[in-house]
Amino acid sequence: MDLETGIDRNQVKKESWRTILSLAYQSLGVVYGDLSTSPLYVYKSTFAEDIEHSETNEEIFGVLSFVFWTLTLVPLLKYVFIVLRADDNGEGGTFALYSLLCRHARVSSLPNSQSADEELTDYKKERDTRSLKPNSGFGSGLKSTLEKHRVLQRCLLVLALIGTCMVIGDGVLTPAISVFSAVSGLEFSLSEKHHKYVELPIACIVLIGLFALQHYGTHRVGFLFAPIVLAWLLCISVIGLYNILHFNPTVYKALSPYYMYKFLKKTQKGGWMSLGGILLCITGSEAMFADLGHFSQLSIQIAFTSLVYPALVLAYMGQAAYISTHYTKGGNSNIGFYISVPEKVRWPVLVIAVLAAVVGSQAIITGTFSIIKQCSALDCFPRVKIVHTSSKIHGQIYIPEINWMLMLLCLAVTIGFRDTKRMGNASGFAVISVMLVTTCLMSLVIVLCWHRSIFFAICFVFFFGTIEALYFSASLVKFHQGAWVPVALALCFFFVMYVWHYGTVRKYEFEVQNKVSINWLLSLGPSLGIVRVRGIGLVHTDLVSGIPAIFSHFVTNLPAFHQVLVFLCIKSVPVPHVRPEERFLVGQIGPREYRLYRCIVRYGYRDVHKDDMEFENDLVCSIAEFLRSGSSPDCNILSEDSGKEDDKMTVVGTRSTHADGIQLSEDSVEMTAEITTLGQKEIRSPSPPVRQREIRSPPMPQRRKKVRFIVPESPKIQTGAREELRELMEAREAGIAYIVGNTYMNAKKGSSWMKRFAINYGYEFLRRNSRTASYALNIPHASTLEVGMIYHV
């Protein structure tokens with residue numbers, strides 16, 4: 001798995017119109033599957049109970065007017081032209097907005113943040129001409145208020161988690177309503193007696209097949225997604241145009257906002273409650289922003305404005321034209337999608353609709369996997385197994401535990417509701433809740449990140465917030481008719497996320513309070529008062545400074561350790577990606593003869609972790625490059641955050657980023673490990689020739705590995721650094737051992753009952769039933785040693 005895949009996608013996004021149009025075409029299958037299938041159930045859900053079609057057609061024309069203006073104002077105006085601009089270095093979604101706000105307001109939910117993280121290129125990238133504008137008086141005051149008050153920071157985190165939980169809930173509801181609505185077209189081909197026994201089993205079979213195929217990855221069938229959605233959009237456009245011309249060419253008059261007024265005046269409370277069904281026409285709008293990282297802003301805008309938006313408008317107008325001329329007294333039986341499809345093409349349309357529903361469901365499932373990975377990287381979700389299904393396409397992942405959980409919940413919703421009305425109520429509530437969260441976060445982005453006047457933020461919240469609050473109130477009224485489902489799902493996921501984040505923060509605070517001072521370690525002497533054995537010992541810790549308590553706990557009970565000791569911190573930073581040349585922060589603890597190092601490995605919340613062997617080689621090379629550059633006066637050195645230690649941290653990239661630096665050569669054959677001189681061999685490169693030589697180590701017979709450091713001759717390496725490199729090479733040949741803490745947490749005596757419940761029961765239950773730290777970090781089982789400790793927090 002290539003860790004760096006997808007990091008420089010933004011450069012590709014701006015290359016040419018051919019690339020942009022290609023991305024726009026590909027976005028049809030990933031972004032617009034859910035939104036494009038909404039005509040299957042909007043009218044049917046709207047006229048399910050609250051209102052009834054009359055001979056005057058005021059109801060159907062009023063609904064069409066609401067649908068048209070909702071599509072125009074929310075997906076087109078809000079998302080396409082405003083929200084898409086609030087990207088986090090090319091990434092979108094609720095957590096991207098939260099990450100953006102955290103960086104600008106210097107508010108972070110990650111406890112082990114450092115000032116060195118703010119020097120990352122992607123951390124500072126958004127400081128363009130727009131960001132260089134000075135903050136307004138209100139913006140500066142708001143920023144300082146957020147930085148001072150922890151309560152406001154928690155509220156911001158809670159708001160982001162609520163939006164995230166609703167997105168996950170939508171991942172349960174969207175496949176259920178999409179597939180069930182598509183399969184409902186069988187009612188026109190089967191008798192009513194047989195239809196009710198066939199519809200539900202077929203929908204369940206399609207859903208089970210959909211989730212069962214997730215582990216293969218979307219790249220195997222992803223090339224079909226865009227053609228399927230394109231065929232579906234063209235299909236509903238042609239059918240809509242046919243219905244307009246054939247049944248009611250004057251239906252375009254209903255696009256006037258006046259028909260909304262007539263609709264509400266006539267239907268009153270029933271019309272207001274029916275807004276919960278109209279709301280479904282914008283399901284999937286959030287996907288335009290959430291999937292921004294896979295495409296570009298311009299490609300998504302082109303796809304929506306040139307194809308998706310016109311196709312949806314024609315589809316809704318066509319259905320309204322058909323319904324307006326097929327009034328049946330005493331019921332809404334002639335309202336629905338399939339009844340407006342000409343009978344001769346009904347079967348082909350049914351097949352395309354089922355395929356489009358599957359594609360739309362696939363997009364939201366993949367998005368759920370992605371957002372859970374982001375939450376896990378930011379310590380807001382328990383550790384889960386993440387499988388990368390493609391080595392070429394960044395972001396295509398599969399999470400087995402989440403997949404099967406979503407399948408069970410989706411089947412439960414489908415079997416429990418068995419109709420689009422209650423499914424629509426549930427899905428609509430989840431959709432509008434996410435949009436309200438996005439509106440709130442965007443208002444803060446406008447002031448804090450874009451440095452615009454508070455007037456623009458108030459106008460944004462008032463205009464879009466009013467529209468969304470109207471729909472939200474209509475959905476909330478139907479709480480007992482299905483809207484309780486997303487609330488229940490969101491509460492469950494929110495409890496898991498917040499308890500895990502709370503426990504993680506408390507655990508880190510305990511480790512900071514109980515860390516061992518560097519002076520205590522150095523007072524033990526070069527041997528640290530213990531036996532030093534061959535090899536490299538990697539002590540995993542969340543601390544970015546100081547010595548973790550698990551190390552002192554270990555050496556107190558077993559006074560032996562490796563000849564090279566590395567305190568390794570693998571941390572996430574609030575940016576989507578960390579460039580490979582900025583991946584490692586390496587420092588030395590104490591005098592050189594101690595052979596103690598600290599290495600901080602930084603990942604973005606969308607980065608892919610390398611496998612263990614490649615990571616080990618990059619880690620060893622980063623330490624070797626630090627030792628070499630440490631003897632050079634022009635190396636890039638940063639001080640540690642604590643200010644109490646003498647450690648100096650150097651930014652070191654992966655092996656691929658410093659071709660003129662130290663390289664590692666490794667053979668897996670049994671032979672004597674020794675280094676021979678290359679003489680004056682030159683490396684061919686565009687830069688001036690670099691002479692290389694190799695450091696010779698003492699012969700060590702019967703070694704399984706032959707490890708060599710290929711070191712440039714310039715700049716000249718000091719003798720002490722050469723000795724450290726030789727010892728590091730010998731230690732690498734002997735092998736690497738991982739020391740990981742396996743900690744248990746208990747609340748202190750006298751703690752409140754809420755804290756005891758959260759720590760002793762909530763967090764511990766999640767910890768015992770989630771993946772271990774060694775598994776999440778891809779640590780080889782055979783080289784892992786876990787040190788158990790009990791934390792009283």
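**Close-up 1. Helix 5 meets helix 16 through a long list of residues.** From helix 5, the residues that take part are Ile 60, Phe 61, Leu 64, Val 67, Phe 68, Leu 71, Thr 72, Pro 75, Leu 76, Val 80 and Phe 81. Their partners in helix 16 are Gln 301, Phe 304, Thr 305, Tyr 309, Leu 312, Val 313, Tyr 316, Met 317, Ala 320, Ile 323 and Ser 324. Sorted by class, this contact holds 18 nonpolar and four polar residues, with no charged ones. Keep in mind that this is a predicted model. Helix 5 spans residues 58–81 and helix 16 spans residues 297–324; their axes lie 10 Å apart, at an angle of about 175°. Because that angle is over 145 degrees, helix 5 is roughly antiparallel to helix 16.

**Close-up 2. Helix 11 crosses helix 16 in a left-handed way.** Here the axes of helix 11 (residues 225–247) and helix 16 come within 7 Å and cross at roughly 40°, so helix 11 counts as oblique to helix 16. Look in helix 11 for residues including Leu 230, Ser 237, Gly 240 and Phe 247, and in helix 16 for partners including Leu 307, Ala 311, Gly 318 and Tyr 322. This contact has 15 nonpolar residues, four polar and no charged.

**Close-up 3. Thr 164 sits in helix 9.** Is Thr 164 buried or exposed? With 0% relative accessibility, Thr 164 is buried. A polar atom of the Thr 164 side chain lies 2.8 Å from the backbone oxygen of Ala 160. Setting aside neighbours within four places in sequence, Thr 164 also contacts Thr 94, Phe 95, Ile 371, Cys 375 and Met 497.

Notes: Residues numbered from 1 in each chain as written. Predicted model: local features only at pLDDT ≥ 70, side-chain atom pairs only at ≥ 80, totals over all residues. Heavy atoms only, no water. Axes fitted to C-alpha atoms, helices over the stretch in contact; angles between N-to-C directions. Helix = DSSP H or I, 4+ residues; strand = E, 2+ residues; numbered from the N terminus. Parallel < 35°, antiparallel > 145°, perpendicular 65-115°, else oblique. Contact = heavy atoms within 4.5 Å. Nonpolar A, V, L, I, M, F, W, Y, C, P; charged D, E, K, R; others polar. Buried < 20%, exposed > 50% of the residue type's maximum accessible area, 1.4 Å probe, protein only. Polar contact = N/O pair within 3.5 Å; in protein donor to acceptor, adjacent residues only side chain to side chain. Left-handed = near helix turned anticlockwise from the far one by under 90°.
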